Amino acid sequence: MHDLVIRGGTVVDGSGSAPRIADVAVDNGLITAVEPHAGPGHREIDATGLLVTPGFVDIHTHYDGQVTWDPFVTPSSLHGVTTVVFGNCGVGFAPVRKGAAPYLINLMEGVEDIPETVLSEGVTFDWESFPQYLDALAATPKVLDIGAQVPHGALRFYVMGERGADHAEPPTPEEIESMGALLEEALRAGALGFTTSRTVKHRAKDGRFTPGLTAHEPELFGLARAMKRAGRGVIEVNSDFDPGEFEIMRDAARIAGRPLSCLLVQVDRAPDLWRETLAQIRAARQEGMEANAQVGCRPIGVLMGLETSIHPFLTHPEWVAMTDHTPEMRYRRLQRDAELRRMLVYGHPQNEQTRAMDFALTRSYLLDETLNYEPDPQRSVDAIAQEQNRHPWELALELMMRENGKALLLNTFENYSGGDLSVVHEMLTDDATVLGVADGGAHVGLICDASSPTFLLSHWARDRTRGPKLPLEFLVNKQTRRTALAYGLEDRGLLAPGFKADINVIDFEQLRLHKPEVVYDLPAGGKRLMQRAQGYRHTFVGGCETVRDGEHTGELPGKLLR
Ligand SMILES: [Zn+2]
């Protein structure tokens with residue numbers, strides 16, 4: 001008698017091979033059979049007409065803090081995700097000296113838009129070393145499996161103090177030595193990688209660039225040698241990839257003898273740069289290196305609404321004057337005060353923020369019921385305003401005031417220079433890429449792309465109209481086995497005997513995203529964007545059911561990966 005049998009579903013097993021009808025049997029948390037007719041189970045699920053896939057593995061998240069207060073790791077766990085890796089982009093919370101937490105919080109707030117009040121209240125910081133942080137993570141209950149990486153920012157600040165954050169001088173050889181020793185210790189204790197941010201997009205809240213930005217070869221190579229000694233871990237980098245940059249990271253990965261994983265997005269200032277970087281990654285692979293690019297499956301979506309962290313009116317004195325209003329009060333005032341609306345639109349200050357917003361509105365779209373993440377540029381706020389002979393800001397305000405002031409505009413921030421997802425198609429179908437960049441747990445007031453796995457399947461295999469679709473088995477492979485292997489997680493991402501029973505049972509016809517919304521459920525009443533989904537009939541983590549019909553069951557079987 002099996003513990004569980006999922007019977008007669010359409011199995012998309014994660015290997016990339018064609019869907020087939022089969023029973024999936026589970027015993028003691030592992031898959032024990034995938035065959036046409038499995039024996040009986042204590043529990044049986046009739047999956048006729050449903051998809052059965054491995055649980056999704058999301059290797060690019062920032063749940064470093066959230067996992068310590070939210071055992072349900074939302075929204076990812078509501079999108080079929082059963083494993084998350086965090087500590088990406090060089091930011092995180094260990095190692096940390098007593099009293100140094102404020103800098104790491106400041107860095108996280110600036111880079112990933114997780115408010116200081118939320119982190120100060122939510123994260124306990126009752127650890128100092130990375131191994132102690134891992135022990136704390138292991139001890140917290142959680143709905144899915146988690147893996148942590150060592151962030152360059154924390155490492156540098158721990159060893160160098162303020163000098164590690166202000167870019168005035170490089171570390172001494174002794175400091176490089178101690179950073180290496182700490183990294184080695186963390187990797188041996190179970191960290192999954194070392195991560196660094198080398199992009200001018202990332203700044204701490206205090207305005208300073210991230211510590212890793214100006215790290216030079218001696219430092220990076222010193223850290224690489226530590227990884228070599230430990231013999232484990234991935235090097236993850238978020239970089240602008242200016243000339244010479246890829247070569248440095250490639251050489252570091254070579255010295256480490258470890259895989260290199262690079263974030264890859266299309267940016268408007270250089271829409272073809274991603275192709276050069278991808279070509280460099282491909283060349284490195286041809287030379288036998290393990291290297292991949294982490295790509296997204298939709299535009300990086302900055303959501304703008306009256307309650308989100310970014311929108312056109314943020315720096316307007318009249319808006320600032322309403323800071324103490326509740327969202328409800330502010331909406332009511334906007335509704336009844338035509339003069340206020342007029343001033344917000346026609347009297348806005350000229351500054352860096354408002355100029356950025358002028359541009360943003362040329363690629364922002366009302367996110368209505370259709371939840372169109374591949375919108376037609378003719379439908380941008382700016383284009384419609386031109387057509388109607390109106391000020392784009394007036395239209396933006398009117399649109400954001402819909403739905404009782406809750407409506408959202410989708411600003412296609414990256415991956416959308418061409419006005420459709422053809423570059424994403426190109427990225428997804430490249431053999432050197434895996435799914436990444438969804439940033440679960442981060443940018444909580446402006447981006448909610450942690451829902452990407454749901455979009456990946458529903459849009460790319462079913463709903464897309466503005467270009468070719470992709471086979472389901474290809475997409476599932478890319479979000480399961482391929483992402484798992486990118487981090488050496490050999491035991492998952494495949495529905496086959498002996499593998500971990502992380503399983504989704506999906507009603508594919510019903511699979512869809514719900515609208516993102518602003519909710520106030522973070523510690524200290526902090527706000528974040530939340531997006532749910534429908535169509536996930538069952539999600540299992542290690543054979544234990546964690547989600548049923550889109551709701552958590554309350555089970556918390558997740559483990560720390562070491
Ligand atoms: Zn990131």
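Tyrosine 133 is buried, with a relative accessible area of 1%. Here, buried means under 20% relative accessible area, exposed means over 50%, and partly exposed covers what is in between, using a 1.4 Å probe and protein chains only. Before going further, please keep in mind that this is a predicted model, in which local features need pLDDT of at least 70 and side-chain atom pairs count only at pLDDT 80 or more, while totals for chains, interfaces and linings use all residues. Residues are numbered from 1 along each chain as its sequence is written, and side-chain values use heavy atoms, with hydrogens and water left out.

**A group of rings**

Which residue pairs with the ring of tyrosine 133 in an edge-to-face way? Phenylalanine 130 does: the two ring centres are 5.6 Å apart and the planes stand at 75 degrees, so the pair is edge-to-face. For this label, rings of Phe, Tyr and Trp (its six-membered ring) must have centres within 6.5 Å; planes under 30 degrees apart are called stacked, over 60 edge-to-face, and the rest tilted. Phenylalanine 130 and tyrosine 133 are 3 residues apart in helix 4, about one helical turn. Phenylalanine 130 is buried too, at 2% relative accessibility.

By the ring rule, the count comes to 9 aromatic pairs. Another of them joins phenylalanine 93 and phenylalanine 125, edge-to-face, with 5.4 Å from centre to centre and 80 degrees between the planes. Phenylalanine 93 sits in the loop between strand 7 (81-86) and helix 2 (101-112), and phenylalanine 125 in the loop between helix 3 (116-122) and helix 4 (130-139), so this pair ties together parts that are 32 residues apart in sequence. Both count as buried: phenylalanine 93 has a relative accessible area of 1%, and phenylalanine 125 has 13% relative accessibility. Put the ring pairs together and you get a cluster of Phe93, Phe125, Trp127, Phe130 and Tyr133.

**Backbone details in the loops**

The loop between strand 7 and helix 2 also holds proline 95 and cysteine 89. The peptide bond from alanine 94 to proline 95 is cis, with omega near -5 degrees. Another cis peptide bond joins threonine 74 and proline 75, where omega is about 0 degrees; proline 75 lies in the loop between helix 1 (66-69) and strand 7.

Cysteine 89 and histidine 167 are residues other than glycine with a positive phi. The table sets them side by side.

| Residue | Phi | Loop | Relative accessible area |
|---|---|---|---|
| Cysteine 89 | near 60 degrees | between strand 7 and helix 2 | 1%, buried |
| Histidine 167 | near 65 degrees | between helix 6 and helix 7 | 23%, partly exposed |

**Two more places to look**

Proline 170 is in the loop between helix 6 (163-166) and helix 7 (173-189). Is proline 170 buried or exposed? At 52% relative accessibility, proline 170 counts as exposed. Leaving aside neighbours within four places in sequence, proline 170 is in contact (heavy atoms within 4.5 Å) with Met160 and Arg163. The C-alpha atoms of proline 170 and alanine 181, which are 11 residues apart along the chain, are separated by 18 Å.

Alanine 291 belongs to strand 13 (residues 291-295) and counts as buried, at 4% relative accessibility. Not counting residues up to four places away in sequence, alanine 291 touches Leu260, Ile281, Arg285 and Ala432. Between the C-alpha atoms of alanine 291 and aspartate 113, 178 residues apart along the chain, the separation is 28 Å.

**The chain as a whole**

Now let us step back. The chain has 21 helices and 25 strands, which are DSSP runs numbered from the N terminus (helices are H or I with at least four residues, strands are E with at least two). The radius of gyration is 23 Å, close to the 24 Å that the globule rule gives for 562 residues, so the chain is as compact as a globular protein of that length. The radius is taken over C-alpha atoms, and the rule is 2.2 Å times the number of residues to the power 0.38. Along the principal axes, the C-alpha atoms fill a box of roughly 70 × 60 × 45 Å.

Of the 562 residues, 62% count as buried. Among contacts between residues at least 6 apart in sequence, 75% join residues at least 24 apart.
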